[in-house]
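Please open the model in your viewer with a cartoon representation, and keep a selection command at hand. The tour below moves from one selection to the next and says what is to be found at each stop.

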Amino acid sequence: MFFRQKKAGKHTYLQVVENRWDKGKVRQKVFMTVGRLDRLRESGKLDSLLASGARFSEKALVLTAHDRGETTSVKSLKIGPALLFEKLWKEDNMPSVLEKMLEGRKFRFSVERAVFLTVVHRLFASGSDRAAEHWKEGYAIDGVEDLDLHHLYRAMRWLGERLPDSQQDKVPSAGKADKESGRGTPPATRFNKDLIEEALFKSHRNLFSSVSMVFFDTTSIYFEGEGGGEDFGRRGNSKDHRPDLKQMVVGMVLDQDGFPLSSEMWPGSTADVKSLMPVVERLQKHFDITSFCIVSDRGMISEATVRELDANDDISYILGARMRSSRIVRDEVLARGGRYKEVHPERATSKDPSPLKVKEVKIDKKRYIICLNEAQARKDALDREAIIASLEEALSRGEKSLVGNKGYRRYVKSAGKETAFTVDYAKAEAEARYDGKWVLLTDTKLPAEEVALQYKRLWMVESVFRTMKSILNTRPIYHQSEEAIKGHVFCTFLALRMMVLLRNKVAEIGKEVEWNRAMQELDEIMLTDISHNNKGYQLRSDVRSNASILLSAARVKLPPTLSPIGDTAIPT
């Protein structure tokens with residue numbers, strides 16, 4: 001039963017009605033008309049009626065008393081994070097995978113709970129394992145009450161623990177070409193986290209699922225203080241623009257749907273070109289993905305790598321090519337004439353795809369695709385003009401004005417004794433041929449436009465890295481042992497899987513949420529133990545819209561707003 005407003009002429013009446021199922025339809029039956037709504041409000045009779053009825057509803061009485069401050073609050077715990085992600089954790093088969101791997105290991109605490117705590121903490125608060133130990137005190141998470149900091153450290157080290165020699169791949173003898181491409185190098189070493197990734201993949205695979213396209217890219221994550229130790233933390237090409245700090249290199253593999261398959265980790269001095277072939281070999285051997293197309297950025301190309309990919313009949317590739325440093329691309333591919341084919345026209349609205357044109361060029365049996373975004377080309381030209389104008393103005397003030405501006409370096413040249421530097425206008429003119437363009441190398445038979453569109457999907461990996469570094473705040477890292485470092489980063493990988501699972505579920509119900517706001521609203525859902533008239537109750541807080549969408553998408557059932565604990569008062 002419920003109240004309903006009914007308009008009749010100029011007035012609105014309050015009725016008590018009930019929904020009934022009648023002959024396949026929902027019909028409303030009116031039990032009584034209470035009276036005109038305006039008069040009921042003016043006379044106070046409506047308030048008296050509701051208050052009188054509330055005496056027969058324990059829930060209404062307690063809620064009213066709580067609103068008036070007549071209850072005693074004993075303790076409050078946040079329930080949203082565990083309520084949602086415990087379900088996703090189980091759907092991803094993590095408990096069963098970890099349980100099987102831990103058979104025979106005599107840990108005196110739950111490693112699975114320690115890993116789950118670290119992953120959930122990474123999703124909501126991030127920070128170090130030390131921070132996770134204190135963070136858990138305000139949350140209702142089953143099985144983590146007795147976990148201490150040393151338990152979390154031990155769990156991280158176990159995740160990054162090297163597998164025994166019997167479970168390592170045989171490393172082939174590496175010739176010059178092998179060393180260049182990365183075969184037979186330390187990245188082939190296998191760890192516990194590798195077995196977990198492979199087991200998770202196989203636990204979701206069935207006769208109707210397949211991986212046809214694989215996206216791979218790398219980034220760098222720096223260490224603070226003594227983090228990284230003497231071996232794993234190295235100086236290299238810092239993509240965080242922190243060449244002064246030791247770092248590690250992290251690779252991420254996504255399938256054609258943008259779901260994270262595996263994470264790869266190397267010392268910070270590892271060149272990108274050495275990381276591609278070990279990833280390909282691992283996918284084939286340990287994920288049983290024998291045939292696929294790998295899509296990767298221009299940092300992965302070397303002659304040795306391409307030769308190895310060409311020799312593998314089960315692997316095709318779409319690789320970004322270096323336009324300026326590759327002689328073939330610079331002097332032959334980009335110099336070829338021919339008409340571009342339009343894939344996407346100029347944008348009419350901001351929601352339209354970026355403009356795109358493609359042109360195919362073949363050099364020595366190699367297939368190259370030149371891609372052109374004319375809107376980006378115009379922007380590149382304007383940016384260059386602005387840099388040249390600024391450089392001319394800086395030079396007029398003296399050469400010291402150039403100090404500290406990296407944007408000037410490309411267009412400055414030495415001009416002799418009297419004037420040390422001047423604008424290199426020839427270099428600026430030559431740069432125009434690269435405006436709005438990128439070049440791809442592929443051995444696929446896909447149409448040129450499809451090759452370009454697949455490569456553009458590489459932004460999925462870049463988005464994962466941005467999420468990993470910002471929302472999940474993986475960096476900086478303070479761990480010194482390689483095992484703990486790998487475990488720490490692997491927990492971020494697991495958190496990313498949770499995020500993607502949840503976002504896919506939200507998309508399936510046709511909804512959208514802003515991630516940070518949704519996480520904040522989920523984090524606000526609380527259960528509070530209260531006492532009223534010598535009885536104990538649990539009171540759940542209200543759930544806001546974004547959090548409600550997440551819970552609905554994951555089909556998580558909320559506890560009731562108010563539920564009794566027992567017939568005795570909660571101790572205070």
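Begin by selecting strand E5, residues 213-222, together with E8, and you will find the two paired in the parallel sense over 4 bridges. Within this pair, phenylalanine 215 stands opposite valine 295 of E8. Bear in mind throughout that what you are looking at is a predicted model.

Now widen the selection to the open sheet to which these strands belong, which has 9 strands in the order E7-E6-E5-E8-E9-E15-E12-E11-E10 and a mixed pairing. The edges are taken by strand E7 (260-267) and strand E10 (341-344), each of which has a single partner strand, so that one side of each is left without a neighbour in the sheet. On average, and with direction ignored, neighbouring strands here are turned by 25° against each other. Add helix H11 to the view: H11 packs on the sheet and touches E5, strand E6 (247-254), E7, E8 and strand E9 (315-321), while its direction makes about 150° with that of E8.

From H11, follow the chain into the loop between helix H11 (276-286) and strand E8 (292-296), where aspartate 288 is found. Aspartate 288 has a positive phi of about 60° although it is not a glycine, and its relative accessible area of 42% makes this residue partly exposed. As background for this stop, most residues other than glycine have a negative phi.

Return to the sheet and select E6 alone. Is E6 largely enclosed by the rest of the structure, or is it left open, and why? E6 is largely enclosed, because 8 of its 8 residues are buried. Colouring its two faces separately shows Gln247, Val249, Gly251 and Val253 on one side and Met248, Val250, Met252 and Leu254 on the other, all of them buried.

Next, bring back the partners of E6. E5 and E6 run antiparallel and are joined by 8 bridges, with aspartate 217 having methionine 252 in E6 as its bridge partner. E6 also pairs with E7, in the antiparallel sense and over 7 bridges, and here methionine 252 has serine 263 of E7 as its bridge partner. The hairpin of E6 and E7 has 5 residues between the strands, and in this hairpin glycine 258 takes a positive phi near 80°.

Leave the sheet and select helix H6 (residues 111-124) with helix H8 (residues 149-159), whose axes come within 9 Å and cross at roughly 95°. H6 and H8 are therefore roughly perpendicular to each other. To display the contact, show Val111, Ala114, Val115, Leu117 and Thr118 of H6 with His151, Leu152, Ala155, Met156, Trp158 and Leu159 of H8. Classed by type, this contact has 9 nonpolar and 2 polar residues, with no charged ones.

A further stop is aspartate 523, which lies in helix H19 (residues 515-523) and is buried, with a relative accessible area of 14%. Aspartate 523 is 444 residues away from isoleucine 79 in sequence, yet their C-alpha atoms are 7.6 Å apart in space. Once neighbours within four places in sequence are left aside, the contacts of aspartate 523 are Lys78, Pro81, Phe124 and Tyr139.

Finally, clear the selection and view the whole chain, whose secondary structure comes to 20 helices and 18 strands. Of its 572 residues, 45% count as buried.

Methods
Residues numbered from 1 in each chain as written. Predicted model: local features only at pLDDT ≥ 70, side-chain atom pairs only at ≥ 80, totals over all residues. Heavy atoms only, no water. Axes fitted to C-alpha atoms, helices over the stretch in contact; angles between N-to-C directions. Parallel < 35°, antiparallel > 145°, perpendicular 65-115°, else oblique. Contact = heavy atoms within 4.5 Å. Nonpolar A, V, L, I, M, F, W, Y, C, P; charged D, E, K, R; others polar. Buried < 20%, exposed > 50% of the residue type's maximum accessible area, 1.4 Å probe, protein only. Pairing = 2+ DSSP bridges.
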